[in-house]
Amino acid sequence: MNQGEQKQATAIRRLAEARAGEPGALLPILHAIQDEIGYVPDTAVRIVAETLNLSRAEVHGVVTFYHFFRTKPAGKQTVYLCRAEACQSMGARALEDYARRKLNIDFHETTADGRFSLEPVYCLGNCACSPAVMVDETVYGRVTAQRLDEILK
Amino acid sequence: MATSTTVFVPVDTTARSLGADAVAAAIAAEATRRGVSVQVVRNGSRGLYWLEPLVEVVVDGTRMAYGPVAASDVVSLFDANFLSGAKHALALGPTEKIDYLARQTRLTFARVGIIDPLSLDDYRQHGGYRGLANALKMTGEQIVAAVADSGLRGRGGAAFPTGIKWKTVLGAPADQKYVVCNADEGDSGTFADRMIMESDPFVLIEGMTIGGVAVGATKGYVYIRAEYPQAIRTMRTAIETAKAAGYLGAGVQGSQYTFDLEVREAAGAYICGEETSLLESLEGKRGMVRYRPPLPAIKGLFGKPTIINNVMSLASVPVILDKGADFYKNFGSGRSRGTLTIQLTGNIKQGGLIEIAFGVPLREILYDFGGGTATGRPIRAVQSGGPLGAYMHPSQFDTLFDYEKFAAVGAMVGHGGLVVFDDTVDMAEQARFAMEFCAIESCGKCTPCRIGAVRGVEVIDRIRSGENATANLVLLRELCDTMISGSLCALGGMAPFPVMSVLNHFPEDMRARA
């Protein structure tokens, strides 16, 4: 284990131990790890399993069940495109095609320069002003191709 | 010293998604530049979303509305003297007189858009915590009876009587009970839960506290979807405020009751809106649906008796305890009592939140409130009740909003979400998406859902490519039947509904593509 990995492992252990006593602690711990490190690295599965006295299979199963947890680093910013019905009714399918072409990546991928990751999302609760896009935690409404260009400048 | 004028600029996610933060900053900056005293308050949204950002100015005690305001409009608003309610191209008159709002019956949403969401003083001044005060003088049985008598039914979509759930938990002896709020509002076309959490978080806290007092639960969890970061932040702050003021914790308001509340962040699985799957998730597991029985009311979170209700159901409890079961029950139609919070979305000119007594015709919502489509084209279909709800045909638009009346035409009120489509929609594509979505979000526990949804996409693709279309249409219906009768929960059991509605009402789209 190199120094960076060592440091990461220490951080994961600290985050896991901080909440280990809470009932149903696994999801809060995984959130805490992703918030701090940006993703849930493989080493986290072993450390969290040890801390919570679970099998690695159980932790791996939870990490991979939920769409929100990522197991690889993301781009600097994550672009969530809503693909659900309300946005579809206002042209989300065309916007989705445009975003993929513009960024030259598919969903769950990161641009070559590491700036953007693209993720599908099924509803941001902004359905009266569709289509909706969220960049990190900022939501945008009535997004056109032109507006997407401005948002991703 | 000149008196300060109060200006409201919403802090709600939708208002912010249309530039409300920039508007608030521009108003503050322009006021400073002109040397006028303005107090900018960030309120929740009134839910008139097509008018957001909706700016309100208090003039002689009346709130005057301007909207939709862009940051670039701010200088001209000052020039026109909007601070005294003067005329301007964006002026809408007194907010309460705007027809869209004036025609509503706001019970659950009584304070939404009016108060500063995080001001406990605002909350109390506008009727907050009166329901809890009454509840603390009642027995658990009396509280449960009030909720049952009000006729309140689960607003999350299943419409199960809330009072019966509570009564079951009350009657289940246990050393620990829980109150869980399902705030995993994943249906497209819905945002009422988000609005409550962002615009009036204390009403949800109060409703959950009343639930805890009623059944003897001392701990509550609000399970909020990760896609709602602002709702999560607002709820967490409000819970801290309520705790500090003695509304949560040991000895709620000087009583013998203890009730603690915690926000848990979901992680992007639609299935966790299903209550047993949500409980699994709260326990730190994969969100796999549980077999029933046992009911969550008997063996719920960590195996203990648990009240699990949607945000809207819990947020409706304070007004019922404040004004009485009869007050609430007197609104509505048939067995659908009280008010429904309709969320009018998609391709609609005037989208927003409409809280109204049950019994209103769908047509009135779409045309009188909504004003038709945003694109100006005819409405071809409306999906009601989320991604598992049927697509309604214009011939069904006279249906009254009522759980039973919607069910009678094969549709669903659900959580009150309406998604409007104009005549450019390809209904076969919508049917395909229903199956695709089910395949993406299936928890995988039961075969009809896990495999059926994948096969559903394939069969629809074959029909569209002209491959044995007649035989495959029969096969698709059989597949839908299997999923409906064989799935463990509503995801696989209802995903076929939108598909069947396309087969039944829009068969002309279910054919080979040119």
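In this predicted model, strand E4 of chain B, spanning residues 62–66, is a good place to start: 4 of its 5 residues are buried, so the strand is largely enclosed by the rest of the structure. Its partner strand E3 (residues 55–59) of chain B runs antiparallel to E4(B), and 5 bridges join the two. Within this pairing, Val59(B) faces Thr62(B) of E4(B) from the opposite position. E3(B) and E4(B) make up a hairpin with 2 residues between the strands, and Asp60(B), which sits in the turn, has a positive phi of about 50°. E4(B) also pairs with strand E5 (residues 91–94) of chain B, again in the antiparallel sense, over 3 bridges. Here Met64(B) is the residue that stands opposite Pro94(B) in E5(B).

A further sheet of chain B is open and contains 5 strands in the order E8-E9-E7-E6-E10, with mixed pairing. Its edges are formed by strand E8 (249–250) and E10 of chain B; each has a single partner strand, so one side of each is left without a neighbour in the sheet. Between strand E6 (residues 178–183) and strand E7 (residues 219–224) of chain B, the pairing is parallel and extends over 6 bridges. Ala183(B) is placed opposite Ile224(B) of E7(B).

The edge strand E10(B) reappears in the description of the second largest pocket, where it gives the most to the lining, with 4 residues. This pocket holds about 1000 Å³ of space. Its lining comprises 41 residues, and those closest to the pocket centre are Gly156(B), Ala158(B), Gly273(B), Glu274(B) and Glu275(B). At least two lining residues each come from helix H8 (162–170), strand E10 (306–310) and helix H20 (490–494) of chain B. In terms of chemical character, the lining is made up of 17 nonpolar, 15 polar and 9 charged residues.

At the level of domains, chain B is split into domain 1 (5–98), domain 2 (120–329), domain 3 (332–422) and domain 4 (427–509). A distance of 47 Å lies between the C-alpha centres of domain 1 and domain 4 of chain B. One residue of chain B that deserves a closer look is Ile239(B), located in helix H11 (residues 229–244). Ile239(B) has a relative accessibility of 3%; because the cut-off for burial is under 20%, Ile239(B) counts as buried. Apart from neighbours within four places in sequence, the contacts of Ile239(B) are Ile205(B), Leu248(B), Leu261(B) and Val263(B). Leu301(B) lies 62 residues away from Ile239(B) along the chain, and the C-alpha atoms of the two are separated by 21 Å.

Turning to chain A, there are 7 helices and 5 strands, which follow one another along the sequence in the pattern α-α-α-α-β-α-α-β-β-β-β-α. The C-alpha trace of chain A spans about 50 × 35 × 25 Å along its principal axes. Of its 153 residues, 52% count as buried. Among the contacts in chain A with a separation of 6 or more, 58% are accounted for by residues 24 or more positions apart. The domain assignment for chain A consists of domain 1 (3–65) and domain 2 (77–151), and the centres of these two domains, taken over C-alpha atoms, are 29 Å apart.

Helix H4 (residues 56–65) of chain A has Val59(A), Gly61(A), Val62(A), Val63(A) and Phe65(A) as buried residues. The buried residues of H4(A) pack against H2 and helix H3 (42–52) of chain A. Helix H2 (residues 26–37) of chain A also contains His31(A). With a relative accessible area of 5%, His31(A) is buried. Leaving out residues up to four places away in sequence, His31(A) touches Phe68(A) and Phe69(A) in chain A, together with Glu265(B), Ala266(B) and Ala267(B) in chain B.

Definitions and conventions:
Residues numbered from 1 in each chain as written. Chains lettered and ligands numbered in written order. Predicted model: local features only at pLDDT ≥ 70, side-chain atom pairs only at ≥ 80, totals over all residues. Heavy atoms only, no water. 1 Å grid on protein atoms, 1.4 Å probe; cavity = no way out; pocket = protein on both sides within 12 Å on 5 of 7 lines; lining within 4 Å. Points joined across faces, edges and corners; volume = space filled by probe spheres on them. Nonpolar A, V, L, I, M, F, W, Y, C, P; charged D, E, K, R; others polar. Buried < 20%, exposed > 50% of the residue type's maximum accessible area, 1.4 Å probe, protein only. Contact = heavy atoms within 4.5 Å. Domains from an automatic or database assignment. Pairing = 2+ DSSP bridges.
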